[in-house]
Amino acid sequence: MAKQQFQTVRGTYDILPDNPGFDFVAETFINLARQAGYGHIETPVLEDKNLFSRSVGEHTDVVEKEMYTLKDRSDNELAMRPEGTAGVMRAYIQNGLGSWPQPVKLYYFEPMFRYDRPQAGRTRQHYQLGLEIIGEDAPSADAQVITFANRLYKKLGLTQLSLQINSLGDEVCRPKYRKALVEYLQANKAKLCDTCKDRLDTNPMRVLDCKDPNCQAVIAAAPQTLNFLCKACQAHFEGVLEYLDDLGIGYELNPQLVRGLDYYTRTVFEFFGSRAGAQSSVSGGGRYDGLAELLGGKPTPAVGFSTSIERISLELGQYGVDIQPRQDTKVFVASLGEPARLAAFRLTEELLDGGVGAVGSVDKNSIQTQLGKADRLHAPYAIIIGQKEVLDKTVILRDMGSGAQEMIPLDQVVAELQKRFLVS
């Protein structure tokens, strides 16, 4: 009987050590978030299914077509997290974060799960980077998350992304817009695709997001949300744009931009890359002032955005951004002969205890082979310990760039390398 060779589940992938881009994107995001005062939050992969159907919307593609659902042994209906915001708001309410000084600024880096047709930039398990500002209704909060995204992409080397922005209004002015939109779409129903004909009865604003060419022709002449904003929403949106203008961040007003989740109110935005088609969107976000109340909490204003490593990686490849592996290994410790084996192992551990990245070799390979390993690790230095060095209680410190070598007392080598690499 032939042994079964297992493969990854369709739409998922392994993250291997030869993919420096994954860590590069994640670490850049996390560092920028911490610098800007965001705290780390991580929510469970499994949540109550109703959390998403209530917040994201029962008639969205995410809930109707893409969400992974299951029942546990107690017959509870659960869902694997398809997006991050609903879980973060649930955690904010459940854990009493409303009693903290407001606003509460949070970031997360988590895998999300959606059953979809796998393609470039769209996987069934994808890694989402996101941040939320909860408890602040000022336009400056909207501008903060947009400028954060802009800063992130510049830091990653993606300098040619375009920003599109719109306002969806709120519970005061949106009903008037929805009424006008439905009347217009009903008059043009025969021209819509079958999916949008169904959306007309369940979620008419989602029609604006359709990519079907026939629907696009109808959408182009549809009523625009910006023409229906109440004074408060108009002032809020103008405030957001004022901050962006002051910072010189370019943007395009897109009246058809609605995003794919029901909880959005007022500001919505997306960053687009150079690729054509539906995968051109790199990230998006917006304000969701009604979500906390929808989930049983007190009325709480909030705004956020998210992006995915998969979409960013496609853009990095498109721009030809060269990502070099991090050089965390500073020293390679090579040993020659049996007496040096224990000394090399002990020194490697002492270097690591001292905060100096080190890899040790205690095998029987030649010095040339071991130094080849040091080269592949891009280690700036190598330490060579042989029988003579063990007897003399010294080591040979080799500069892997120049090839220069020097003798250092064994009991001083950790302190010397801490000084060279500014390790405290």
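Phe-29, Tyr-38, Tyr-107, Phe-148 and Phe-305 come together as one aromatic cluster. The model is a predicted one. The cluster is a good place to enter it.

A pair of aromatic rings is described by the distance of the centres and the angle of the planes. The count for this model comes to 14 aromatic pairs. Among them are Phe-29 and Phe-148. Their ring centres lie 5.8 Å apart, and their planes meet at 85°. That makes the pair edge-to-face, because planes over 60 degrees apart count as such. The two residues come from distant parts of the chain. Phe-29 sits in helix 1, residues 20–35. Phe-148 sits in helix 5, residues 139–156. In sequence they are 119 residues apart. Phe-29 has a relative accessible area of 0%, so it counts as buried. Phe-148 is buried too, at 1% relative accessibility.

A second pair brings together Tyr-68 and Tyr-115. Here the centres are 5.9 Å apart and the planes stand at 75°, so this pair is also edge-to-face. It links loops that are distant in the chain. Tyr-68 belongs to the loop between helix 3 (61–66) and strand 3 (69–71). Tyr-115 belongs to the loop between strand 5 (104–113) and strand 6 (125–134). The separation is 47 residues. Tyr-68 is partly exposed, at 26% relative accessibility. Tyr-115 is partly exposed as well, with a relative accessible area of 44%.

Charges sit over two of the rings already named. Arg-124 lies over the face of Tyr-115, 4.0 Å from the ring centre. Over the ring of Tyr-38 sits the charged end of Lys-105, at 4.5 Å from the centre. Tyr-38 is a member of the aromatic cluster.

Next comes Thr-43. Its loop runs between strand 1 (39–40) and strand 2 (46–48). Thr-43 has 6% relative accessibility, so it counts as buried, the cut-off being under 20%. What does Thr-43 contact, leaving aside neighbours within four places in sequence? The partners are Arg-81, Gly-87, Val-88, Arg-90, Ala-91 and Glu-110.

Now turn to a helix pair. Helix 6 (residues 174–187) packs with helix 7 (residues 194–202) at an angle of about 145°. Their axes are 11 Å apart. The crossing of helix 6 and helix 7 is left-handed. Helix 6 contributes Arg-178, Val-182, Leu-185 and Gln-186. Helix 7 meets them with Leu-200, Asp-201 and Thr-202. The residues of this contact divide into 3 nonpolar, 2 polar and 2 charged.

Helix 7 also holds Cys-196. Cys-196 has a relative accessible area of 0%, so it is buried. Beyond neighbours within four places in sequence, Cys-196 contacts Val-207, Cys-210 and Cys-215. The C-alpha atoms of Cys-196 and Arg-206 are separated by 7.9 Å, with the two positions 10 residues apart along the chain.

Helix 13, residues 367–376, is the last stop. Its buried residues include Ile-367, Gln-370, Leu-371, Gly-372 and Ala-374. An α-helix has 3.6 residues a turn, so residues three or four places apart point the same way. Where do the buried residues of helix 13 pack? They pack against strand 12 (331–335), strand 14 (381–385) and strand 15 (394–399). After helix 13 comes His-378, with a positive phi near 60°.

Terms used:
Residues are numbered from 1 along each chain as its sequence is written. This is a predicted model: local features need pLDDT of at least 70, side-chain atom pairs count only at pLDDT 80 or more; totals for chains, interfaces and linings use all residues. Side-chain values use heavy atoms; hydrogens and water are left out. Rings of Phe, Tyr and Trp (its six-membered ring) pair if their centres lie within 6.5 Å; planes under 30 degrees apart count as stacked, over 60 as edge-to-face and the rest as tilted. Helices (H or I, at least four residues) and strands (E, at least two) are DSSP runs, numbered from the N terminus. Buried means under 20% relative accessible area, exposed over 50%, partly exposed in between (1.4 Å probe, protein chains only). A charge sits over a ring if NZ of Lys or CZ of Arg is within 6 Å of the ring centre and within 35 degrees of the ring normal. Axes are lines fitted to C-alpha atoms, for helices over the stretch in contact, and angles run from 0 to 180 degrees between N-to-C directions. A crossing is left-handed if the near helix is turned anticlockwise from the far one by less than a right angle, and right-handed if clockwise. Contact means heavy atoms within 4.5 Å. Ala, Val, Leu, Ile, Met, Phe, Trp, Tyr, Cys and Pro count as nonpolar, Asp, Glu, Lys and Arg as charged, and the others, Gly among them, as polar.
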